[in-house]
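Here are a few worked exercises to go through with the model open on your screen. Try each task before you read its solution.

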Amino acid sequence: MRELIKTHLICIKHDKRLLEEINKYCHITGRNVSLQEGVLWAQKGGGEDPELFIINCGPYFLSATRKTQAAIRNKLVANLKVIKKTRPYSRIVLLLPADKEKDHQLITKLIKVQIYNFWFFDSFDEKDIEDFILQEKTQEDAENYLMKLNTKSEIAGLKRSSIIKESIFGRRGFNKLYKPYYIKSNIVAFWSEDDTLVNQALAVLTALTLAEQGFKTLLIETVSPLPHLATLLSIRHPYFNISHGLSMYTQGNNGFIRQCFFNTSKYVANHYSDVQETLNYPENLYFLPDMKRNDNVSEAAMLENWSEFIAELGKVIIFEKGFSFIIFICCGRNTYNEQVWREIAYTKFITTNLLPCSLAYGLEEKETEDNVHLIAAGYMKKIGREIKELNKRTFLFPPDCLEKDFLNYVYFKKKKFISEDTQLFINAIIEKLDVKIGESMNKSFWEDRIKKLRI
């Protein structure tokens, strides 16, 4: 006889037939009528950890409007984090409304906090109950589950007779849409529509420093009306660029995505490269800039395939090629950058000027999104004290020399132009990625730089 699983129920209706089915596998040790009550119990309740939490998340979304979706989503995930932290030995099973399988941001956030046992139902039968109670999903299992939701055979399987005629979530409909969620915490985005120079400088110098410290790093420029990266770093290439990769992918060539990025050795060795000067970038630093080509597919086709392309590219880079970091440069407000920002990046940096509208937007993003850091461009000393007093931890202030240092580096390609103040600020940025550049590394770094300055 199977040993019953000690289970705590949250927001599960007192449906006799449902509870009878759950009781076949579970010994119910506790019950809460709301998630807030469940969180409070997890923090302060007595007794041992249950083996399983079964949480019906449907009531959480019943009153959600388009404007409140982000706040509700963030609050839900924050509550789940508390349960996960305070009851670390308990498995969490989430029952979500069927239409939430389209909520890419919610699923992304769940995977980021390593909650993989989510299930999408409006109604379910005995086999479904057995699955979500007994199965313990890994990230790969969660991704396979998402993929199966989009197949015709799976949709046909939903025609099984349901033991619960009335939706436990109070809403119906199956609008199926699968999207891969290959999310890693080392995917970073630098975004700005206020200061392209500072934004480019931060992304490039962060990628360069990570590569120098031994991390395999890819610097990607999203599709842009005015590409910058290839010209800045003297790495123009007619084929190795993101627009061409997207165009090839749109036309059915899925293999090119695995070879469209490059490091210095690959670039110099390729006879299509426009090598005009010595390149001294670390071998661990790879590039995927943008470039305009007359034979690219149409803008409409690129936009239609961008989301799928960039998710597949992320999978290849992280899981197949073993990169440590992907850094996106996102300049301006457009669909390409929006999808990277909302759906792909984990740690996000906004470079914003200190005008009221820009400040308001940055603060709103920091409030509604996870892991957002604000960087003040165009620092104005007259209002600096007031801004810092508002919240000393709200903004990161680059040193005054950053722009000059970066421009010298762009034109002369010499690391000696990166001053100590600029490098220390980049190190502080990298600490936000949970990478600590130790004192011994800094000492060696500066000793080497001093030697170069003496030459």
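A crossing of two helices is left-handed if the near helix is turned anticlockwise from the far one by less than a right angle, and right-handed if clockwise. You're working with a predicted model, where local features need pLDDT of at least 70, side-chain atom pairs count only at pLDDT 80 or more, and totals for chains, interfaces and linings use all residues. Residues are numbered from 1 along each chain as its sequence is written, and side-chain values use heavy atoms, with hydrogens and water left out.

**Exercise 1. Describe how α2 and α4 pack.**

Solution. Start by finding the two helices: α2 covers residues 35-44 and α4 covers residues 69-86. (Helices are DSSP runs of H or I with at least four residues, strands are runs of E with at least two, and both are numbered from the N terminus.)

Next, take the geometry. The axes are 9 Å apart and the angle is about 25 degrees, which makes α2 roughly parallel to α4. Axes here are lines fitted to C-alpha atoms, for helices over the stretch in contact, and angles run from 0 to 180 degrees between N-to-C directions. Angles under 35 degrees count as roughly parallel, over 145 as roughly antiparallel, 65 to 115 as roughly perpendicular and the rest as oblique. As for handedness, α2 and α4 cross in the left-handed sense.

Then list who touches whom, with contact meaning heavy atoms within 4.5 Å. From α2 come L35, Q36, V39, A42 and Q43, and they meet K75, L76, N79, V82, I83 and T86 of α4. That contact splits into 6 nonpolar, 4 polar and 1 charged residues. (Nonpolar covers Ala, Val, Leu, Ile, Met, Phe, Trp, Tyr, Cys and Pro; charged covers Asp, Glu, Lys and Arg; the others, Gly among them, are polar.)

**Exercise 2. Work out the strand order of the open sheet of 5 strands.**

Solution. Two strands pair if DSSP finds at least two bridges between them. Following the pairs gives β2-β1-β3-β4-β5, with parallel pairing. At the edges sit β2 (26-32) and β5 (118-120), each paired on one side only. From one strand to the next, the twist averages 20 degrees.

Now zoom in on one pair: β4 (residues 91-96) joins β5 through 3 bridges, and L95 stands opposite W119 in β5. Finally, look at what covers the sheet: α4 touches β1 (5-10), β3 (52-56) and β4, and makes about 160 degrees with the direction of β4.

**Exercise 3. Do the same for the sheet of 7 strands.**

Solution. Its order is β8-β7-β9-β6-β10-β11-β12, open and parallel. β8 (285-288) and β12 (395-396) each have a single partner strand, so one side of each is left without a neighbour in the sheet. Inside it, 4 bridges join β6 (residues 187-192) to β10 (residues 347-352), with F190 opposite F349. Helix α13 (residues 299-320) lies across β7 (217-221), β8 and β9 (325-331), at about 150 degrees to β9.

**Exercise 4. Is H8 buried or exposed?**

Solution. First place H8: it's in strand β1. Then apply the cut-offs: buried means under 20% relative accessible area, exposed over 50%, partly exposed in between (1.4 Å probe, protein chains only). At 2%, H8 is buried. Its contacts beyond four places in sequence include T29, W41 and F53.

**Exercise 5. What is notable about phi of Q114?**

Solution. Most residues other than glycine have a negative phi. Q114 has a positive value near 60 degrees; it lies in the loop between α5 (104-112) and β5, and counts as exposed at 53%.
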